[in-house]
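Got the model open in your viewer? Get ready to select a few residues and helices, stop by stop.

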Amino acid sequence: MNLKKLNDTQRRAVEAVGTPILIFAGAGSGKTRVLTHKIAYLIEHRIVSPDQILAVTFTNKAAQEMKERVRRLLDQDSLSITIGTFHSICARLLRSEIHRLGFTPDYAIYDVTDQIALLKIVLEAHAVSKEYLSPQALRHAISLYKNTLIYPEEAARKARTVKERTIAELYEAYQQELKHNNALDFDDLLLKPLEIFEKTPSVLKKYQKRWHYILVDEYQDTNRPQFLLVSQLAQEHQNICVVGDDDQSIYGWRGADIKNILQFEKVFPGAQVFTLQENYRSTQEILSAAEAVVRNNVHRQDKQLTAANGEGQLLGLIETNDEQEEADAIISALQKEIKLNKRSFRDFAVLYRTNAQSRALEDSFRRLGIPYNIVGGIRFYDRKEIKDALAYLKLIVNLEDTIALRRVVNFPPRGIGMKTVEKCVLHSQKSRQGLFQVLAKPEDMDIRGKQAESIRGFYDLILKYRSMLDKLDAAELATSLIEEAGILQYFKASDHPEDREKRDNVLELLNSIQAFVKEHEEATLQQFLEEVSLLTDVDTWEDKKNRVTLMTLHAAKGLEFPVVFIAGLEDGLFPLYNSLNDPAELEEERRLFYVGVTRAKERVYLLYATQRRRMGSEYNPGLVSRFIKEVPPELLERISFTSALTKKVVSTKLGSTKVKVSRSITAFDDFQVGDYVEHAIFGQGKIMALSGSGENQRVGVVFKDGLKKKLIVKYANLKKIQPPE
């Protein structure tokens, strides 16, 4: 194995043995290379044998990559090293040892779905309503307890409110039910080995002897149980090497503790510390901007990254009017990058703080036929809560839509179970009435009491809003219906972060309807639903690999792209409002900004809006993020952008006034099959199919290299050209 390809600090970290080792690895500084070379070095120099090495990562993909790279370095087909995630290593250990806790070796591992199903049983057995505490919220609370090593007894002692005491009681009951089922959940996989080590110290001794050298990747993301696991295993021999970057610790909300890496030297006195500061990914401007922001954090290890790639371009800073113009600005910059620098769609990533922000971006990308991929999430209109809300709107428009009816008749939960729905279906078939119609008389189906009241209430609600289809515009009707149906309140009542995000997504759906109404004169609800279904299908003809990546900043960790856009840089959105008065949370938001910026190899664009529709309301003024203010002005290039927007004050059907925003459309070609056209991004192509005419025309075009696209003429800015000779 040749260490000459490593820089001096990397090489010294690889060769260091005999003491605990902490490696601070700045973004893009080659930490995986160091880890794999260190494992190979330990084996090649016979410091330990392969089967005495334990290497822990956070993903199966990282574990597999590490194994392959070590094999290549040593030129060996197979190695008996134990490399895996915390959970997989603990699961393997427990197969041999869990009998000590009264479980059998064939114990089941419950995933999220299994946990929710079991928690529903626990809630029912304790007569706790789902409205008071949902299974999802309970699961989140229990998981947070486990990640911070709090058992049911301590949770009960620490409880200060009735709800906290209820959660502690249910936590205890849940653990008992898991035991009855001979099952562990994912968090238990980390806790049970610690319980065994405490109960039977000889087992801990056995694994301390088995693994003479321990290496841990992404150490800044470890929680309390993970920290205790590796520190106990390394307690005797002190042969431990951890690699991480405190500036990339962004999982505090799920139990990760940055103190684990910052206080490593206190836990392991005499540790050697190496700081990898040469960055092989980004330009110096990108690194300087990221570091200028994260340097404002108090709890961090000082480091100064140097770019091996030298100087680069300044970071682009774009101010936009709202989230729609923000999406337009991103597409405009993307078009210029493709033209000037010959980039492909796969070279771009658009990062944002919350999933709800993807809606405006997705709409614009679809309309312009730009292929994109959502990483670590679901496309906006495919999310369950959005489909549920849309199902209400579909049912209002079409009372015969039994799929929509079945989807929402018991959402939010109103006590109408599957058996009751089947009764309604059978009665509908026997009486030859529509499924919705039979809901008018639940007594005809022998449905009485609260269920009958719920069915009649649902029936009346749908009829009420159907009668308003011609009285309210689509946005007013949808907002009122979603509110009265109780969807927003259902999510608001939950303590679970995922439910808060679902509520934000539903509010963002209402924003999208408002935007649609503002852009289309006399827009109807039916037209909006048609637009959504058409947009959802626009990209079925796309190239599957060459796509722009859209994702949250959390999902971007560990990835890299030539060009990165960070959208929504306003105080209250990024950083999130809740973090503004919490120093620890604000520091984590700042680290998240650092992670986002350092994903970029060559170019970064930062965007903010002076106003933005949030929480389903009218426009709220946007204050530029403090993170932008923390970037030195000399590292920023202000890029002016104005889209073709026309604003005018209009009256609503309820007599109030509001601002109507529309795009200035001048004229459209009436295209025909066989016409040759030119597109700003895709270049020249030939129209092979079309439907409609004027601004509603949709065309299918085959561009150079055989790329096929479906485009909406109104947004595509196609130009007719002469056929190529």
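Start by selecting K342, which sits in the loop between α15 (323–341) and β12. This is a predicted model, so treat each stop as part of a prediction. Is K342 buried or exposed? With a relative accessible area of 71%, K342 is exposed. Check its backbone too: phi of K342 is near 55°, a positive value in a residue other than glycine.

Now jump to R46 for another positive phi in a non-glycine residue, again near 55°. You'll find R46 in the loop between α2 (31–44) and β2 (53–57). R46 counts as exposed, at 75% relative accessibility.

**Two cis peptide bonds**

Next, select F411 and P412. The peptide bond from F411 to P412 is cis, and its omega is near -5°. P412 belongs to the loop between α18 and α19.

Then move on to F574 and P575, which are also joined by a cis peptide bond, with omega about 10°. Here the proline, P575, is in the loop between β15 and α26.

**Salt bridges**

How many salt bridges does the structure hold? There are 47, and we'll visit a few of them.

Show the side chains of K557 and D221, which form a salt bridge with 3.0 Å from N to O. K557 is in the loop between β14 (548–552) and β15 (561–566), while D221 is in the loop between β6 (213–216) and α11 (224–233), so this pair ties together parts that are 336 residues apart in sequence. K557 is buried, at a relative accessible area of 15%. D221 is buried as well, at 9%.

While you're around D221, select the helix that follows its loop, α11. Of the 10 residues in α11, 8 are buried, so the helix is largely enclosed by the rest of the structure. The buried ones are P225, Q226, F227, L228, L229, V230, S231 and L233.

Now pick R353 and E589. Their salt bridge has its closest N and O atoms 2.7 Å apart. This one links distant parts of the chain, 236 residues apart: R353 is in the loop between β12 (348–352) and α16 (358–367), and E589 is in helix α26 (residues 583–597). Both partners, R353 and E589, are buried.

For a salt bridge between two helices, select R406 and E422, where the N to O distance is 3.7 Å. R406 sits in helix α18 (residues 402–408) and E422 in helix α19 (residues 418–431), with their positions 16 residues apart in the chain. R406 counts as partly exposed at 39% relative accessibility, and E422 counts as partly exposed at 35%.

Last in this group, select D245, D246, D247, R300, D302 and K303 together: salt bridges with shared partners join them into one network.

**Helix pairs**

Time to switch to a cartoon view. Two packed helices are described by the angle between their axes and the distance between the axes.

Begin with helix α6 (residues 135–147) and helix α9 (residues 186–199), which pack at about 25° with axes 10 Å apart. At that angle, α6 is roughly parallel to α9. The crossing of α6 past α9 is left-handed. Which residues make the contact? From α6 come S143, K146 and N147, and from α9 come D187, D188 and L191. By class, these are 1 nonpolar, 2 polar and 3 charged.

Then go to helix α17 (residues 384–397) and helix α21 (residues 449–466). Their angle is about 70° and their axes are 9 Å apart, which makes α17 roughly perpendicular to α21. Here α17 passes α21 in a right-handed crossing. Show the side chains of Y392, L395, I396 and V397 in α17, and you'll see them meet F458, L461, I462, Y465 and R466 in α21. This contact has 8 nonpolar residues, no polar ones and 1 charged.

For the final stop, select α16 and helix α24 (residues 497–519), packed at an angle of about 45° with axes 10 Å apart. That makes α16 oblique to α24. R359, D363 and R367 in α16 meet E508, N511, S512 and E519 in α24. What classes of residue does the contact of α16 with α24 have? Its residues are 5 charged and 2 polar, with no nonpolar ones.

Notes: Residues numbered from 1 in each chain as written. Predicted model: local features only at pLDDT ≥ 70, side-chain atom pairs only at ≥ 80, totals over all residues. Heavy atoms only, no water. Salt bridge = Lys/Arg side-chain N within 4 Å of Asp/Glu carboxyl O. Helix = DSSP H or I, 4+ residues; strand = E, 2+ residues; numbered from the N terminus. Buried < 20%, exposed > 50% of the residue type's maximum accessible area, 1.4 Å probe, protein only. Axes fitted to C-alpha atoms, helices over the stretch in contact; angles between N-to-C directions. Parallel < 35°, antiparallel > 145°, perpendicular 65-115°, else oblique. Left-handed = near helix turned anticlockwise from the far one by under 90°. Contact = heavy atoms within 4.5 Å. Nonpolar A, V, L, I, M, F, W, Y, C, P; charged D, E, K, R; others polar.
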